Amino acid sequence: MLKIQGLDFPDLYRSRLGSYKYGAGVFKMDWALSQPIPFTSEKCRRAGTVHIGFTEDEIEQSEEQIHNKKMTDTPYVLVAQHSNFDDSRAPEGKYTAWAYIHVPNGSIKDFTTIVENQIERAAPGFKNCILDRSTMNTVQLEAWNPNLVGGDINGGKQDITQLFTRPIVSISPYSTPDERVYICSSSTPPGGGVHGMCGYNAARKVLKDHFQDFSH
Ligand SMILES: Cc1cc2nc3c(=O)[nH]c(=O)nc-3n(C[C@H](O)[C@H](O)[C@H](O)COP(=O)(O)OP(=O)(O)OC[C@H]3O[C@@H](n4cnc5c(N)ncnc54)[C@H](O)[C@@H]3O)c2cc1C
(Lines give C-alpha, C1' and ligand atoms only; values in the text may rest on other atoms or scores of the structure.)
Protein backbone atom coordinates (compact mmCIF):
# COMPACT_ATOMS: atom_id res chain seq x y z
CA MET A 1 0.00 0.00 0.00
CA LEU A 2 2.90 2.34 0.74
CA LYS A 3 3.84 2.16 -2.95
CA ILE A 4 0.52 3.63 -4.12
CA GLN A 5 1.08 7.14 -5.46
CA GLY A 6 -0.85 10.12 -4.13
CA LEU A 7 -1.84 8.76 -0.72
CA ASP A 8 -1.94 11.38 1.99
CA PHE A 9 -0.11 9.44 4.71
CA PRO A 10 1.90 11.16 7.45
CA ASP A 11 5.46 9.91 8.05
CA LEU A 12 4.55 8.30 11.39
CA TYR A 13 1.86 6.10 9.81
CA ARG A 14 4.22 5.23 6.96
CA SER A 15 6.95 4.19 9.35
CA ARG A 16 4.53 2.09 11.43
CA LEU A 17 3.32 0.30 8.28
CA GLY A 18 6.97 -0.13 7.29
CA SER A 19 7.67 -2.21 10.40
CA TYR A 20 4.84 -4.68 9.70
CA LYS A 21 6.19 -8.25 9.74
CA TYR A 22 5.55 -11.02 7.22
CA GLY A 23 5.49 -14.70 8.18
CA ALA A 24 6.50 -18.00 6.61
CA GLY A 25 6.06 -18.43 2.88
CA VAL A 26 4.68 -21.48 1.13
CA PHE A 27 5.98 -23.79 -1.61
CA LYS A 28 2.98 -24.85 -3.69
CA MET A 29 2.58 -27.86 -5.97
CA ASP A 30 -0.17 -28.92 -8.39
CA TRP A 31 -0.48 -32.40 -9.90
CA ALA A 32 -2.34 -34.11 -12.72
CA LEU A 33 -2.95 -37.68 -11.52
CA SER A 34 -4.04 -40.93 -13.14
CA GLN A 35 -6.02 -41.94 -10.03
CA PRO A 36 -6.96 -40.53 -6.62
CA ILE A 37 -4.12 -40.31 -4.08
CA PRO A 38 -3.95 -43.85 -2.60
CA PHE A 39 -3.93 -42.82 1.06
CA THR A 40 -3.60 -45.84 3.38
CA SER A 41 -6.16 -44.28 5.70
CA GLU A 42 -9.73 -44.58 4.49
CA LYS A 43 -10.62 -41.34 6.30
CA CYS A 44 -7.94 -39.50 4.30
CA ARG A 45 -9.27 -40.95 1.04
CA ARG A 46 -12.70 -39.49 1.90
CA ALA A 47 -11.44 -35.99 2.88
CA GLY A 48 -11.31 -32.98 0.53
CA THR A 49 -8.31 -31.61 2.42
CA VAL A 50 -5.74 -33.71 4.27
CA HIS A 51 -3.22 -32.31 6.74
CA ILE A 52 -0.21 -34.66 6.73
CA GLY A 53 1.93 -34.49 9.85
CA PHE A 54 2.49 -38.05 11.17
CA THR A 55 3.49 -37.05 14.73
CA GLU A 56 3.09 -33.98 16.90
CA ASP A 57 6.88 -33.78 17.28
CA GLU A 58 7.43 -33.85 13.54
CA ILE A 59 4.93 -31.05 12.95
CA GLU A 60 6.28 -28.97 15.80
CA GLN A 61 9.89 -29.36 14.71
CA SER A 62 9.24 -28.58 11.06
CA GLU A 63 7.16 -25.49 11.85
CA GLU A 64 9.72 -24.26 14.39
CA GLN A 65 12.65 -24.66 11.99
CA ILE A 66 10.98 -22.48 9.37
CA HIS A 67 11.13 -19.48 11.69
CA ASN A 68 14.89 -20.09 11.99
CA LYS A 69 15.02 -20.04 8.16
CA LYS A 70 15.64 -23.82 8.05
CA MET A 71 13.68 -26.83 6.80
CA THR A 72 13.36 -30.42 7.96
CA ASP A 73 12.96 -33.25 5.44
CA THR A 74 9.60 -34.09 6.97
CA PRO A 75 7.50 -30.91 6.90
CA TYR A 76 3.80 -30.71 7.64
CA VAL A 77 1.96 -30.86 4.27
CA LEU A 78 -1.51 -29.60 3.43
CA VAL A 79 -3.00 -31.60 0.54
CA ALA A 80 -6.22 -30.76 -1.32
CA GLN A 81 -7.82 -33.44 -3.51
CA HIS A 82 -11.02 -31.77 -4.66
CA SER A 83 -11.34 -33.61 -7.98
CA ASN A 84 -12.31 -36.74 -6.00
CA PHE A 85 -15.57 -34.96 -5.18
CA ASP A 86 -15.95 -32.38 -7.96
CA ASP A 87 -15.92 -33.61 -11.59
CA SER A 88 -15.23 -30.11 -12.94
CA ARG A 89 -11.68 -30.18 -11.54
CA ALA A 90 -10.20 -32.75 -13.97
CA PRO A 91 -10.88 -34.44 -17.32
CA GLU A 92 -13.02 -37.56 -17.10
CA GLY A 93 -11.16 -40.48 -15.53
CA LYS A 94 -8.30 -38.27 -14.38
CA TYR A 95 -7.62 -36.45 -11.10
CA THR A 96 -5.89 -33.35 -9.77
CA ALA A 97 -4.47 -32.42 -6.40
CA TRP A 98 -2.47 -29.59 -4.91
CA ALA A 99 -0.43 -29.14 -1.77
CA TYR A 100 1.71 -26.66 0.06
CA ILE A 101 4.30 -26.68 2.80
CA HIS A 102 5.44 -23.77 4.92
CA VAL A 103 8.94 -22.60 4.01
CA PRO A 104 11.13 -19.65 5.04
CA ASN A 105 9.78 -16.33 3.70
CA GLY A 106 11.37 -15.58 0.31
CA SER A 107 12.82 -19.09 -0.19
CA ILE A 108 13.45 -20.05 -3.82
CA LYS A 109 14.41 -23.66 -3.11
CA ASP A 110 12.68 -26.50 -4.95
CA PHE A 111 11.01 -28.73 -2.34
CA THR A 112 9.33 -31.10 -4.84
CA THR A 113 11.07 -34.26 -3.61
CA ILE A 114 10.41 -33.48 0.05
CA VAL A 115 6.70 -32.82 -0.56
CA GLU A 116 6.21 -35.90 -2.72
CA ASN A 117 8.13 -38.09 -0.25
CA GLN A 118 5.83 -36.97 2.57
CA ILE A 119 2.70 -37.80 0.56
CA GLU A 120 4.21 -41.14 -0.51
CA ARG A 121 4.70 -42.00 3.19
CA ALA A 122 0.97 -41.53 3.80
CA ALA A 123 -0.07 -42.91 0.42
CA PRO A 124 2.36 -45.54 -0.94
CA GLY A 125 2.15 -45.59 -4.73
CA PHE A 126 1.36 -41.85 -4.98
CA LYS A 127 4.42 -41.12 -7.13
CA ASN A 128 3.31 -43.70 -9.70
CA CYS A 129 0.02 -41.81 -10.17
CA ILE A 130 1.70 -38.53 -11.18
CA LEU A 131 1.12 -37.60 -14.83
CA ASP A 132 2.46 -34.06 -14.56
CA ARG A 133 3.28 -31.44 -11.96
CA SER A 134 3.87 -27.72 -11.59
CA THR A 135 5.50 -25.90 -8.70
CA MET A 136 5.59 -22.36 -7.39
CA ASN A 137 8.21 -21.12 -4.95
CA THR A 138 7.63 -18.05 -2.79
CA VAL A 139 8.98 -15.61 -5.37
CA GLN A 140 6.82 -17.09 -8.14
CA LEU A 141 3.78 -16.92 -5.85
CA GLU A 142 4.44 -13.25 -5.16
CA ALA A 143 4.83 -12.57 -8.90
CA TRP A 144 1.43 -14.27 -9.46
CA ASN A 145 -0.25 -12.30 -6.64
CA PRO A 146 1.73 -9.37 -5.20
CA ASN A 147 -0.33 -9.74 -2.02
CA LEU A 148 1.66 -12.89 -1.15
CA VAL A 149 4.73 -11.02 0.11
CA GLY A 150 7.65 -13.47 0.30
CA GLY A 151 5.10 -16.26 -0.25
CA ASP A 152 3.19 -15.42 2.96
CA ILE A 153 -0.42 -16.48 2.28
CA ASN A 154 -1.72 -14.85 5.47
CA GLY A 155 -1.04 -11.24 4.49
CA GLY A 156 1.42 -10.86 7.37
CA LYS A 157 2.71 -12.81 10.35
CA GLN A 158 -0.11 -14.06 12.56
CA ASP A 159 1.63 -14.19 15.92
CA ILE A 160 0.45 -12.71 19.20
CA THR A 161 1.93 -9.31 18.32
CA GLN A 162 0.03 -9.05 15.03
CA LEU A 163 -3.08 -11.14 15.56
CA PHE A 164 -5.48 -8.29 16.32
CA THR A 165 -3.13 -5.39 15.76
CA ARG A 166 -2.65 -5.53 12.03
CA PRO A 167 -1.31 -3.67 10.17
CA ILE A 168 -0.70 -1.35 13.17
CA VAL A 169 -1.97 -0.98 16.74
CA SER A 170 -5.19 0.98 16.29
CA ILE A 171 -8.79 0.95 17.50
CA SER A 172 -9.75 1.33 13.86
CA PRO A 173 -7.33 -0.80 11.83
CA TYR A 174 -9.48 -0.56 8.67
CA SER A 175 -9.12 3.24 8.48
CA THR A 176 -6.02 5.08 7.37
CA PRO A 177 -5.00 8.72 7.96
CA ASP A 178 -6.24 9.38 4.39
CA GLU A 179 -10.02 9.48 4.81
CA ARG A 180 -10.53 8.29 1.23
CA VAL A 181 -8.61 5.06 1.86
CA TYR A 182 -9.64 1.99 3.87
CA ILE A 183 -7.89 -1.38 4.14
CA CYS A 184 -9.84 -4.62 3.88
CA SER A 185 -7.25 -7.32 3.20
CA SER A 186 -5.95 -10.14 5.38
CA SER A 187 -3.41 -7.63 6.69
CA THR A 188 -6.27 -6.39 8.91
CA PRO A 189 -8.02 -8.30 11.76
CA PRO A 190 -8.89 -11.17 11.93
CA GLY A 191 -6.12 -11.97 9.42
CA GLY A 192 -5.65 -14.57 6.70
CA GLY A 193 -8.26 -17.06 5.53
CA VAL A 194 -11.20 -17.08 3.16
CA HIS A 195 -13.69 -16.06 5.85
CA GLY A 196 -14.36 -12.58 4.42
CA MET A 197 -14.43 -10.94 7.84
CA CYS A 198 -11.71 -8.37 7.05
CA GLY A 199 -13.83 -7.01 4.18
CA TYR A 200 -17.04 -7.21 6.21
CA ASN A 201 -15.54 -5.24 9.11
CA ALA A 202 -13.98 -2.67 6.77
CA ALA A 203 -17.30 -2.18 4.92
CA ARG A 204 -19.08 -1.59 8.24
CA LYS A 205 -16.46 0.99 9.17
CA VAL A 206 -16.95 2.83 5.85
CA LEU A 207 -20.73 2.85 6.34
CA LYS A 208 -20.40 4.08 9.90
CA ASP A 209 -18.01 6.89 8.91
CA HIS A 210 -19.87 8.08 5.82
CA PHE A 211 -23.54 7.22 6.25
CA GLN A 212 -24.96 8.76 9.40
CA ASP A 213 -28.11 6.62 9.48
CA PHE A 214 -26.10 3.34 9.46
CA SER A 215 -26.82 1.60 12.75
CA HIS A 216 -26.20 -2.15 12.49
C1 LIG B 1 -2.26 -21.86 -2.13
C2 LIG B 1 -3.11 -21.19 -1.08
C3 LIG B 1 -3.92 -21.95 -0.27
C4 LIG B 1 -4.71 -21.36 0.70
N5 LIG B 1 -5.52 -22.15 1.45
C6 LIG B 1 -6.40 -21.59 2.29
C7 LIG B 1 -7.35 -22.38 2.98
O8 LIG B 1 -7.43 -23.61 2.80
N9 LIG B 1 -8.20 -21.78 3.84
C10 LIG B 1 -8.16 -20.43 4.05
O11 LIG B 1 -8.97 -19.92 4.82
N12 LIG B 1 -7.26 -19.65 3.42
C13 LIG B 1 -6.38 -20.19 2.55
N14 LIG B 1 -5.48 -19.40 1.89
C15 LIG B 1 -5.34 -17.99 2.30
C16 LIG B 1 -6.39 -17.10 1.68
O17 LIG B 1 -6.48 -17.33 0.29
C18 LIG B 1 -5.99 -15.64 1.93
O19 LIG B 1 -5.80 -15.43 3.33
C20 LIG B 1 -7.07 -14.69 1.44
O21 LIG B 1 -7.34 -14.92 0.07
C22 LIG B 1 -6.58 -13.27 1.61
O23 LIG B 1 -7.55 -12.39 1.09
P24 LIG B 1 -7.16 -10.93 0.64
O25 LIG B 1 -8.40 -10.31 0.12
O26 LIG B 1 -6.41 -10.26 1.74
O27 LIG B 1 -6.09 -11.11 -0.54
P28 LIG B 1 -6.12 -11.93 -1.90
O29 LIG B 1 -7.19 -12.98 -1.92
O30 LIG B 1 -4.70 -12.34 -2.13
O31 LIG B 1 -6.56 -10.83 -2.95
C32 LIG B 1 -5.70 -9.78 -3.33
C33 LIG B 1 -6.06 -9.41 -4.76
O34 LIG B 1 -5.43 -8.18 -5.09
C35 LIG B 1 -4.77 -8.32 -6.35
N36 LIG B 1 -3.60 -7.42 -6.32
C37 LIG B 1 -2.54 -7.46 -5.48
N38 LIG B 1 -1.70 -6.46 -5.73
C39 LIG B 1 -2.23 -5.76 -6.76
C40 LIG B 1 -1.83 -4.61 -7.48
N41 LIG B 1 -0.68 -3.95 -7.18
N42 LIG B 1 -2.64 -4.17 -8.46
C43 LIG B 1 -3.79 -4.81 -8.76
N44 LIG B 1 -4.23 -5.91 -8.12
C45 LIG B 1 -3.45 -6.38 -7.14
C46 LIG B 1 -4.37 -9.78 -6.43
O47 LIG B 1 -4.19 -10.20 -7.76
C48 LIG B 1 -5.59 -10.46 -5.76
O49 LIG B 1 -6.62 -10.70 -6.68
C50 LIG B 1 -4.67 -19.96 0.90
C51 LIG B 1 -3.85 -19.18 0.07
C52 LIG B 1 -3.08 -19.79 -0.92
C53 LIG B 1 -2.22 -18.93 -1.81
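**Sheet, core and ligand shell**

In this predicted model, Val79 stands opposite Ala99, a residue of strand 4. The two residues offer a handy way into the sheet, since strand 3 and strand 4 are paired in the antiparallel sense over four bridges. Helix 4 packs on the sheet, where it touches strand 1, strand 2, strand 3, strand 4 and strand 5, and its direction makes about 75° with that of strand 3.

The sheet as a whole is open and has five strands in the order 2-3-4-1-5, with antiparallel pairing. Strand 2 and strand 5 (130-136) stand at the edges with a single partner strand each, so one side of each has no neighbour in the sheet. Direction ignored, neighbouring strands are turned by 20° against each other on average.

Next comes the interior. The largest nonpolar core holds 29 residues, of which Val77, Ala99, Ile101 and Ile119 touch the most other members. Two or more residues are given to this core by each of strand 1 (25-33), strand 2 (49-52), strand 3 (77-80), strand 4 (95-103) and helix 4 (112-122). Strand 4 provides the largest share, six residues. Leaving aside residues up to four places away in sequence, Ile119 touches Ile37, Ile52, Val77, Val79, Ala99 and Phe126. Val79 and Ala99, the opposed pair of the opening, are thus both among the contacts of Ile119.

Finally, the ligand is surrounded by 14 residues, and Asn147, Ser185, Ser186, Gly192 and Gly193 come nearest. By class, this shell comprises five nonpolar, eight polar and one charged residues.

Notes:
Residues numbered from 1 in each chain as written. Predicted model: local features only at pLDDT ≥ 70, side-chain atom pairs only at ≥ 80, totals over all residues. Core = buried A, V, L, I, M, F, W, Y, C linked by C-beta atoms within 7 Å. Buried ≥ 20, exposed ≤ 12 C-beta atoms within 10 Å, placed from the backbone. Contact = placed C-beta atoms within 7 Å. Near = placed C-beta within 6 Å. Nonpolar A, V, L, I, M, F, W, Y, C, P; charged D, E, K, R; others polar. Pairing = 2+ DSSP bridges. Axes fitted to C-alpha atoms, helices over the stretch in contact; angles between N-to-C directions.
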